[in-house]
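Let's take a walk through this one, helix by helix and then loop by loop. Have the structure open as you read.

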Amino acid sequence: MLQYAWVIPVLPFIGFWWIIFAGRRAPGQGAYVAIGAMLGAALLSVAAFIEVLRGARYDASVVWATVLNRPIEVGYQVDPLTSVMLLVVTVVGSLIFIYSIGYMQGDLRYPRFFAYMSLFASSMLLLVLGNNFLTLYAGWELVGLCSYLLIGFWFERPAAARASMKAFVTTRVGDLFMFLGILLIFLQLGTLNFNEIFSGVETGRLAGGLLTLAAVLVFGGAVGKSAQVPLHVWLPDAMEGPTPVSALIHAATMVAAGVYLVARAYPLFFGTPGHEALTVVAYIGGITAIMAATIGVVQDDIKRVMAYSTISQLGYMMMGLGVLGFTAGVFHLMTHAFFKALLFLAAGSVIHAMHTNDIKQMGGLAKIMPITYVTMVIGALALAGIPPFAGFWSKDEILLEAYHYDQVLYALGAAGAFLTAFYIFRMIIYTFTGSLRSHPAHPHESPRVMTVPLVILAFFSTVIGLAGAPWWDNPFHHFVRFEGAEGAAFDFEFALRSTAIAGLGVLSALVVYHWRLVSAASLRRAFGPLYIAVVHKYYWDELYQYAVIRPVVWAARRLRTFDVYVVDGAVNAIGVVFVWFSRLYRVFDLYVVDGVVNLVAWTAKTMGGVLRYGQTGRPQNYLLIIALGVIALVVVGVIR
């Protein structure tokens, strides 16, 4: 079966082209084609997962080109990490596709939406299956293209058009560093195959500062795609896209790609002297986790709460990988995909009913939308890290690894865990409790095509974390692991501490926003300057505006002036000179060249006109002329 794993990304790719060419004539206006392709890919992924679970592995490559006498290969592989990611992308993706039927119903570009979503899923699956940097990079760039198309899907909205461009440009910055890292590896080792690269690291052919530089450059791509500081600014604006797009980007595809890249290239990072590259990964992740969590506390847009939550959780994953918790980081990547997809789709259900994103305009929806309410609470409990829900097991492992690795990172993670529980239940309280604050709204429960995926995702968000439960000897750890980064064993006392931190966050949200024992306004006053900084998202956008965007725009305008008046001016001057010379040549040609020719012709014509009178055709006239000529010659001779 594993030798046919290449079919998995091909199915949604075929679906993409089918919908593009058939449009509304495709089954379900393209929706059934996209869903059928994803379900087929999901079934193949399940079959591949079962085979890998039984110990099977597969790796195949073919030579694509030769550069500098070095063969460039493309290929795919299926191992435990790949099989887990295939399951996550196809299962979560299939549920999001089904949900989209209800959410996007009536949209003017309905078939195009499913075509783009199919290409998005196909690109992510290609990225996951690649056994070398070239195949991975191809999928990587296609994912970036699809994010641009889907974030700006409603391009008639200026905000959506700007957001898509911002996402595309920001992630390209990280991709440039990644490309330089890949190029450095290729020039040093002459290969892009993962196994050959890792072998080169083990044998010391790529080592020392050069290895650290290559690993950090490759990590630059992950910083962009997974929205880590300082390239995180694109992700909140990506909320301008349709909610199913947000769910797919933030749960199973684009942002997961960066974490997957670090996990896939882990031997590259692990082999650096003193694990320097992993330390960079850990601190970038820890700073991202706490920073995004603080911003999430003050957001009133329900999708932006989710956006900053995603940034924060991606920071946790990076921190887990960086503190030698390879399995913990990958485990959180898997569990997060399910509960974050659930939260986004539940948020979409609320938006679909309320026609607003502002949680302060909502309220009282628990009775009106019971399925959405229950499933979203399950997602919130999983995100907060409350046992036995999925997020508890994976986040607890990351905090435990950080505790044993670096107390500063643990402090960042623990503070982030408290804030995560606080802001997600702040959102729940504003959205579902109390009374409805928007009187013009007439909310209702979403149709089954939207609520059934919510229920399925809620089920997974409840049970998927048990794959890391200690009483089953933590089967996920035995399946996905990295030698040298085995991770610490489950610690019951530490788990109680983690649960207490999350519980304190939930309790604090209830105290402030539900029971109102403490005024939110008094907290805002107490935190003063910090609150202002958080509201302004630590001024990252302003920093880029003044440090990057304005200088680039200023330089672009100066270059435009130079281009218009110097480059174009020189070209235009040459053109004027040539035009003037062409006109001068035309005058010379007309009055000199043509004049001489015409003069010769006129002379010949005139002489002919004069001489023709002597040509009478009478012999006596000719004899007379001859006689006169002889007499003239005689007279001349006598005179001389």
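What follows is a short tour of a few helices, some single residues and some backbone oddities.

## A word on the model

Keep in mind that this is a predicted model.

## Helix α3 and its partner α20

Helix α3 takes in residues 80–103. Its 24 residues should span 34 Å at 1.5 Å a residue, and the end C-alpha atoms are indeed 34 Å apart. There isn't much of α3 on show: 23 of its 24 residues are buried.

One of its neighbours is α20 (residues 448–463), and the two axes come within 7 Å, crossing at roughly 155 degrees. Anything over 145 degrees counts as roughly antiparallel, so that is how α3 and α20 run relative to each other. The crossing itself is left-handed. On the α3 side, the residues involved are Val-91, Leu-95, Ile-98, Tyr-99, Ile-101, Gly-102 and Tyr-103. They meet a set from α20 made up of Val-449, Met-450, Pro-453, Ile-456, Leu-457 and Phe-460.

## Ser-349, tucked away in α15

Ser-349 sits in helix α15 (residues 326–354) and is buried, with a relative accessible area of 0%. Its side chain makes a polar contact of 2.5 Å with the side chain of Ser-446.

Tyr-99 of α3 and Met-450 of α20 turn up again here, since both are among the residues that Ser-349 touches. Beyond its close sequence neighbours, Ser-349 also touches Met-369, Thr-372, Glu-445 and Leu-454, as well as Ser-446 itself.

## Thr-310 in α14

Over in helix α14 (residues 302–322) you'll find Thr-310, which is buried with a relative accessible area of 0%. What surrounds it? Setting aside residues up to four places away in sequence, Thr-310 touches Leu-235, His-250, Val-255, His-336, Lys-340 and Phe-344.

## Helix α22, end to end

Helix α22 runs over residues 492–514, 23 residues in total, and reaches 31 Å between its first and last C-alpha, close to the 33 Å expected. At its start, a side-chain oxygen of Asp-491 comes within 3.0 Å of the backbone nitrogen of Glu-493. After the helix comes Arg-516, with a positive phi near 55 degrees.

Which helices does its buried side pack against? The buried residues of α22 pack against α17 (370–384), α18 (390–405), α19 (407–432) and α23 (520–535). Among those buried residues are Phe-494, Ile-501, Val-506, Val-512 and Tyr-513, along with smaller fare including Ala-495, Ser-498 and Gly-505.

## Tyr-58 at the strand

Tyr-58 belongs to strand β1 (residues 58–67) and is partly exposed, at 29% relative accessible area. Its C-alpha is 9.2 Å from that of Ala-5, although 53 residues separate them along the chain. Leaving out neighbours within four places, Tyr-58 is in contact with Leu-2, Gln-3, Tyr-76, Gln-77 and Val-78.

## Backbone oddities

Two cis peptide bonds are worth a look. One joins Val-229 and Pro-230, with omega about 10 degrees, and Pro-230 is in the loop between α8 (208–225) and α9 (234–237). Another runs from Pro-387 to Pro-388, with omega near 5 degrees; Pro-388 is in the loop between α17 and α18.

Then there are the positive phi values. His-355 has phi near 60 degrees without being a glycine; this residue lies in the loop between α15 and α16 (365–368) and is exposed at 68% relative accessibility. Tyr-539, not a glycine either, has a positive phi of about 60 degrees. Tyr-539 lies in the loop between α23 and α24 (540–611) and is partly exposed, with a relative accessible area of 37%.

Methods: Residues are numbered from 1 along each chain as its sequence is written. This is a predicted model: local features need pLDDT of at least 70, side-chain atom pairs count only at pLDDT 80 or more; totals for chains, interfaces and linings use all residues. Side-chain values use heavy atoms; hydrogens and water are left out. Helices (H or I, at least four residues) and strands (E, at least two) are DSSP runs, numbered from the N terminus. The expected span of a helix is 1.5 Å times one less than its number of residues. Buried means under 20% relative accessible area, exposed over 50%, partly exposed in between (1.4 Å probe, protein chains only). Contact means heavy atoms within 4.5 Å. A polar contact is a pair of N or O atoms within 3.5 Å; within protein, one must be able to donate a hydrogen and the other to accept it, and residues adjacent in sequence count only if both atoms are side-chain atoms. Axes are lines fitted to C-alpha atoms, for helices over the stretch in contact, and angles run from 0 to 180 degrees between N-to-C directions. Angles under 35 degrees count as roughly parallel, over 145 as roughly antiparallel, 65 to 115 as roughly perpendicular and the rest as oblique. A crossing is left-handed if the near helix is turned anticlockwise from the far one by less than a right angle, and right-handed if clockwise.
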